[in-house]
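Student: I should like to practise justifying each term that is used for a structure. May we begin with a single residue?

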Amino acid sequence: MVREREEWGLLMAATERPEGRGLGDRLYDGIFHNRVWRSIFRSGYPNTPRNQMLAVATNVFLHLHPTRIHRTHVKITHTFCLGGLSFFLFLGLTITGVLLMFYYVPSVDRAYQDILALDTDVRFGQLMRNIHRWMAHGMVLTVLMHMMRVFYTGAYKPPREFNWVVGVVLLVLTLLLSFTGYLLPWDQLAIWAITVGTNMVGSAPILGEPNRFILVGGFQVGQAALIRFYTLHVIGLPLLAAVFMTVHFWRIRRDGGLARPL
Amino acid sequence: MAVATPAAQAQPASQAVRGRQRRQREEELLVWPDLVFVEFISAVVFTITFTILAYMVDALLLDRADPAVTPNPSKAPWYFLNLQELLLHMHPALAGVIVPTVALIALGAIPYFDTDNEGQGEWLSTARAWPITAVGAVVGAAGTTLLILYDAGKHVQVYEMIANGTWSPDPDAPGFVGWPSWLGWATNLRAIQNDISWPEELTRVPLGSKVLRTDLLGLPAIDLDVNLPAVLVEQIIPVTMMIGLPLLLSFVAARVGLARTKRDHMILQFSGFIATFLTLTIIGTYFRGAGLELVPYTIFVGDH
């Protein structure tokens, strides 16, 4: 059984490459045509068109892509990678955010001290916090610019209307993620920015003040607001954003990939 | 242009299917390696960029939060400063909630208005798209700036400078020429309420006891006296401006032949919106100092 599969693998490689086997090929077979490698990656190393398509189609992460793509969509100036960068920043923020959570307790007595300790006592703590902060600002910018790119390339037109709406929801979630994170350092910048921001919510007719009260958990920004914003920031909003991102990416594929001129 | 008939609505999907069928293979590349590697390289480049940025510039941390000490000015995060800027010029409910809600709904509704298939898949590919973008952006940015300057009474300062022939006119100096008093209502938006002697009845319109007679329904009476001049300044004029000026822009652009299709008007309005959004954000961030006065400001100066 094992032997059969190994032979099958060798056979595939030999039939797909018409030239004779050199040192590189033998090295290649030694690395990629063994039981362990094949248990992880079912197709061979993607060096033939067939395997390159298999690599994309059979990999859970890569299969968000189609296997083929129109020539113009690879040009950097067509998209400036803005949607992909927004997703990349989301991933970077998740990783640095998890590391920051190790050192941060969302309590008004400790939060500020924890940030100070993070900046001074924790190895690479300041760097982690800086990366998280700049990536957060960066993500707001890339999401806004992505929206502009999609608009000016007319990529929201049928059949992509709904994905544009999902994108608008993701824009709102990005702003809310950034806004909830803004309070966590518990410094003067944080508490007053959130006070100003939540007061805007409170100014809505009829439902404004009750909503502001629920959001802040009291009459002023304090412990209740901190724990609410923290919970929303580290789990509630990221989960929601992940759900909408899944739909967003899925719909790109379902709607026929990136928009093309007719 | 698509007409809103069932047949026309069914058209886009079938076109997409046909488009897929006549897709030419030689026009296509394989995602591995041509796309996957581009993505990988940009991820690496951006990781390095952000690490270097984070190494060089520290995130801001001010003093510990103190509810008793209000900084002057207190500002929202930068991406909400556009709304905070609006707050200075109109009713808080309008600036803080209604305008952003309506703006987001309008943004989401764009594809349901602009259903033509023309101009997709390429940057600004319809005829006149670039000039329309430029006009929308310039009008949005300049219009917003002018309105803000007006509400800050800057035109009064400019008038006094020109009338007195000096950069810093002294109001106490003999022969000082000031803003004409009969134009007092035009010094800023609020002056329409404060500088005009409105009849007493208009400032206390008893809606609660005369119109909305909830007591007749057996409900508690509403104590609602409406100050009409305040409503005019805080709500009616701003709403008229925010709806009227974009409509006027589209109207003029249509008359001079700049904007002809739905996509043209979409580009015009979207560009105007983005320019307005950016102008409000920039002014809210860099030109609102203590007391939210219109002066140059940066948070990195001084107090921490």
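Tutor: A:Cys81 lies in the loop that runs between α5 (76–79) and α6 of chain A. Helices here are DSSP runs of H or I with at least four residues, strands are runs of E with at least two, and both are numbered from the N terminus. This is a predicted model, in which local features need pLDDT of at least 70 and side-chain atom pairs count only at pLDDT 80 or more, while totals for chains, interfaces and linings use all residues. Residues are numbered from 1 along each chain as its sequence is written, and chains are lettered from A and ligands numbered from 1 in the order in which they are written.

Student: Why is A:Cys81 called buried?

Tutor: A residue is buried if 20 or more other C-beta atoms lie within 10 Å of its own, exposed if 12 or fewer, and partly exposed in between, with C-beta atoms placed from the backbone. A:Cys81 has 21 such neighbours, and therefore it is buried.

Student: What makes the phi of A:Cys81 worth noting?

Tutor: Its phi is positive, near 60°, and the residue is not a glycine. A positive phi, about 70°, also occurs at B:Arg128, likewise not a glycine. B:Arg128 sits in the loop between α5 and α6 (129–151) of chain B.

Student: How do you know whether B:Arg128 is buried or partly exposed?

Tutor: B:Arg128 has 19 C-beta neighbours inside 10 Å, so it counts as partly exposed. B:Lys262, with 15 such neighbours, is therefore also partly exposed. B:Lys262 belongs to helix α12 (residues 262–286) of chain B. Its C-alpha atom is 37 Å from that of B:Ile192, which is 70 residues away along the chain.

Student: Which other helix does α12(B) approach, and at what angle do the axes cross?

Tutor: The axis of helix α11 (residues 228–255) of chain B comes within 10 Å of that of α12(B), and the two cross at roughly 140°. Axes are lines fitted to C-alpha atoms, for helices over the stretch in contact, and angles run from 0 to 180 degrees between N-to-C directions.

Student: Why is α11(B) called oblique to α12(B)?

Tutor: Angles under 35 degrees count as roughly parallel, over 145 as roughly antiparallel, 65 to 115 as roughly perpendicular, and the rest as oblique. The angle of roughly 140° belongs to the rest, and so α11(B) is oblique to α12(B). The crossing is right-handed; that is, the near helix is turned clockwise from the far one by less than a right angle, whereas an anticlockwise turn would be left-handed.

Student: Which residues make this contact between α11(B) and α12(B)?

Tutor: B:Pro246, B:Leu249, B:Ser250 and B:Ala253 of α11(B) meet B:His265, B:Leu268, B:Gln269 and B:Gly272 of α12(B). Two residues are in contact if their C-beta atoms, placed from the backbone, lie within 7 Å. The contact has 4 nonpolar, 4 polar and no charged residues. Ala, Val, Leu, Ile, Met, Phe, Trp, Tyr, Cys and Pro count as nonpolar, Asp, Glu, Lys and Arg as charged, and the others, Gly among them, as polar.

Student: How do the axes of α9 of chain A and α5 of chain B cross?

Tutor: Helix α9 (residues 161–183) of chain A and helix α5 (residues 92–113) of chain B have axes that come within 8 Å and cross at roughly 160°. That value makes α9(A) roughly antiparallel to α5(B). This crossing is right-handed. A:Glu161, A:Trp164, A:Val165, A:Val168 and A:Val172 meet B:Leu104, B:Leu107, B:Gly108, B:Ile110, B:Pro111 and B:Tyr112. By class, these residues are 9 nonpolar, 1 polar and 1 charged.

Student: How many residues does each chain give to the contact between the chains?

Tutor: Chain A gives 75 residues and chain B gives 68. On the side of chain A, α8(A) gives the most, with 12 residues. That side divides into 48 nonpolar, 18 polar and 9 charged residues.

Student: What makes up the secondary structure of chain B, and how much of the chain is buried?

Tutor: Chain B has 12 helices and 3 strands. Of its 304 residues, 22% count as buried.

Student: Where are cis peptide bonds found?

Tutor: One joins A:Pro158 to A:Pro159, with omega near 5°, and A:Pro159 is in the loop between α8 and α9 of chain A. Another joins B:Trp32 and B:Pro33, with omega about 10°; B:Pro33 lies in helix α2 (residues 31–34) of chain B.
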